[in-house]
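Please work through the following exercises with the sequence and the model side by side. Each one sets a task and then solves it step by step.

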Amino acid sequence: MIVVEHLSKQFFDLRRGHVTAVNDISFRCAQGEVVGLLGPNGAGKTTTLRILSTILKPSSGVARIDGIQVDQAPEEVRRRIGYMSASTQLYDRMTAWELVSFFGSLYDLEGERLTQRMEAVFDWLGMNDFRDVPVAKMSTGMKQKVSIARAVVHDPPVLILDEPTSNLDILVARALVERIEELANQGKTILLSSHTMAMIERLCHRVIILYKGMILESGPLKELKARYKAASLDDLFFDLIDQCDACAAPSAMTAADALT
Ligand SMILES: Nc1ncnc2c1ncn2[C@@H]1O[C@H](COP(=O)(O)OP(=O)(O)OP(=O)(O)O)[C@@H](O)[C@H]1O
C-alpha cells in the first residue's frame with residue numbers, strides 16, 4: 001500500500017531559482033492496485049516516484065510504503081519496493097547474472113535461495129541467452145530486462161516504474177507490458193508513470209493526472225472519461241490541461257493588468 005499525504009518538493013537551480021516540482025499532492029495506491037501517473041514533461045512524475053523510492057527526500061509532507069515513512073526508514077522501504085526507471089544506470093562491466101545477483105545479495109538473498117530466485121527471474125524474463133553477456137554489449141531491450149530483473153529479484157510487493165517502456169521498440173515494449181501485467185496479476189501494487197496512453201489504458205485500474213506539480217484529476221479511467229465526456233484518454237488528458245491553462249490565464253492577465 002502506498003500513501004502520499006501533502007507531499008511537496010522544491011529544488012533550487014541557479015537559472016530558475018526555487019522550482020516547485022511537486023506541490024502538495026495526496027493519493028493512495030491500495031494493495032494489488034495498478035495506478036498510472038500521467039502528465040506532460042516537467043509535471044513532477046519522476047520527482048514523486050524518486051521520493052517514494054527513497055532517492056530524494058520530500059521538502060514537506062509524508063510518503064509511506066506499507067506504513068513505513070520513506071524518509072525515516074529508507075532501508076526498510078527498499079526491501080519492500082522494486083524501482084525501475086528508463087534512466088537506471090547499469091554497470092557496463094558486469095554480466096546480466098552478476099548484476100542481478102549483486103542486487104539480490106543487497107537484499108540479503110544468498111546461497112540456494114538467491115540461485116533459485118535468479119533462475120526463476122531469468123526464465124520468466126527470457127534472459128538465459130544473455131546470462132553471461134556484459135552490459136556494455138547488450139541491446140537496449142536486454143538492458144531493460146536486466147533493469148526489471150534487478151527490480152524484482154527480491155520479490156517486492158510494491159513496484160515503482162518510471163516510464164518503463166521509453167526508448168524501446170514496439171515489440172520489446174509490448175513484451176515488457178505483458179510482464180508488468182503478469183506482475184499485476186500476481187497481486188503486486190504498481191505505481192507507474194508513462195507517456196504511452198495505450199499502456200496506461202491497458203494496465204491501470206486508476207490514473208492520476210499531474211500538471212505543474214499538482215494533481216488535476218484522479219480516478220478510474222472509465223469514470224473520468226464519462227465525467228468529462230472524453231472519447232479517449234488522450235482527449236481527457238488534453239481537455240484537463242487546456243482547462244487548467246484557461247483557469248490560470250485570467251489571473252495572469254489580472255497580474256499583468258495590475259502592472260500597467
Ligand atoms: N534536481 C533538480 N534540480 C532542479 N530542478 C529539478 C530537479 N529535478 C527535477 N527538477 C524540475 O522539477 C520539475 C519536475 O520534474 P520531473 O522530472 O519530476 O517531471 P516529470 O513529470 O517526470 O517530467 P518528464 O516527463 O519530462 O520526465 C521540472 O521543472 C524539473 O526541471
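Two strands are said to pair if DSSP finds at least two bridges between them, and the elements themselves are DSSP runs numbered from the N terminus, helices being H or I runs of at least four residues and strands E runs of at least two. The structure is a predicted model, in which local features need pLDDT of at least 70 and side-chain atom pairs count only at pLDDT 80 or more, while totals for chains, interfaces and linings use all residues. Residues are numbered from 1 along each chain as its sequence is written.

**Exercise 1. Determine how β9 pairs with strand β10, and describe the turn that joins them.**

Step 1. Strand β10 covers residues 214-219, and β9 pairs with it in the antiparallel sense over five bridges; within this pairing, Val207 stands opposite Gly219.

Step 2. The two strands form a hairpin with two residues between them. Lys212, which lies in this loop between β9 and β10, has a positive phi of about 50° although it is not a glycine.

Step 3. Lys212 counts as partly exposed because it has 18 C-beta neighbours inside 10 Å, given that a residue is buried with 20 or more other C-beta atoms within 10 Å of its own, exposed with 12 or fewer, and partly exposed in between, the C-beta atoms being placed from the backbone.

**Exercise 2. Place β9 in its sheet, and find the strands at the edges.**

Step 1. β9 also pairs with strand β3 (residues 34-38), here in the parallel sense over four bridges, and the bridge partner of Val35 in β9 is Arg206.

Step 2. The open sheet has six strands in the order β6-β7-β8-β3-β9-β10, with mixed pairing. β6 (81-85) and β10 stand at the edges, each with a single partner strand, so one side of each has no neighbour in the sheet. Neighbouring strands are turned by 15° against each other on average, direction ignored, where axes are lines fitted to C-alpha atoms (for helices over the stretch in contact) and angles run from 0 to 180 degrees between N-to-C directions.

Step 3. At the β6 edge, the partner is strand β7 (residues 158-162), paired in the parallel sense over five bridges, with Val158 as the bridge partner of Ile81. Helix α5 (residues 140-152) packs on the sheet and touches β6 and β7, its direction making about 160° with that of β6; contact here requires C-beta atoms, placed from the backbone, within 7 Å.

**Exercise 3. Characterise the residues around the ligand by element and by class.**

Step 1. The shell, made up of residues whose C-beta atom, placed from the backbone, lies within 6 Å of the molecule, includes Phe11, Asp13, Gly42, Lys45 and Thr46.

Step 2. β1 (2-13), β2 (17-29) and α1 (45-52) each supply at least two of its residues, and the largest share, three residues, comes from α1.

Step 3. Four of the residues are nonpolar, six polar and two charged, with Ala, Val, Leu, Ile, Met, Phe, Trp, Tyr, Cys and Pro counted as nonpolar, Asp, Glu, Lys and Arg as charged, and the others, Gly among them, as polar.

**Exercise 4. Is Asp108 buried or exposed, and where does it lie?**

Step 1. Asp108 lies in the loop between α3 (96-106) and α4 (111-125), and its phi is near 65°, a positive value in a residue other than glycine.

Step 2. Asp108 is exposed, because 10 other C-beta atoms lie within 10 Å.

Technical notes. Contact = placed C-beta atoms within 7 Å.
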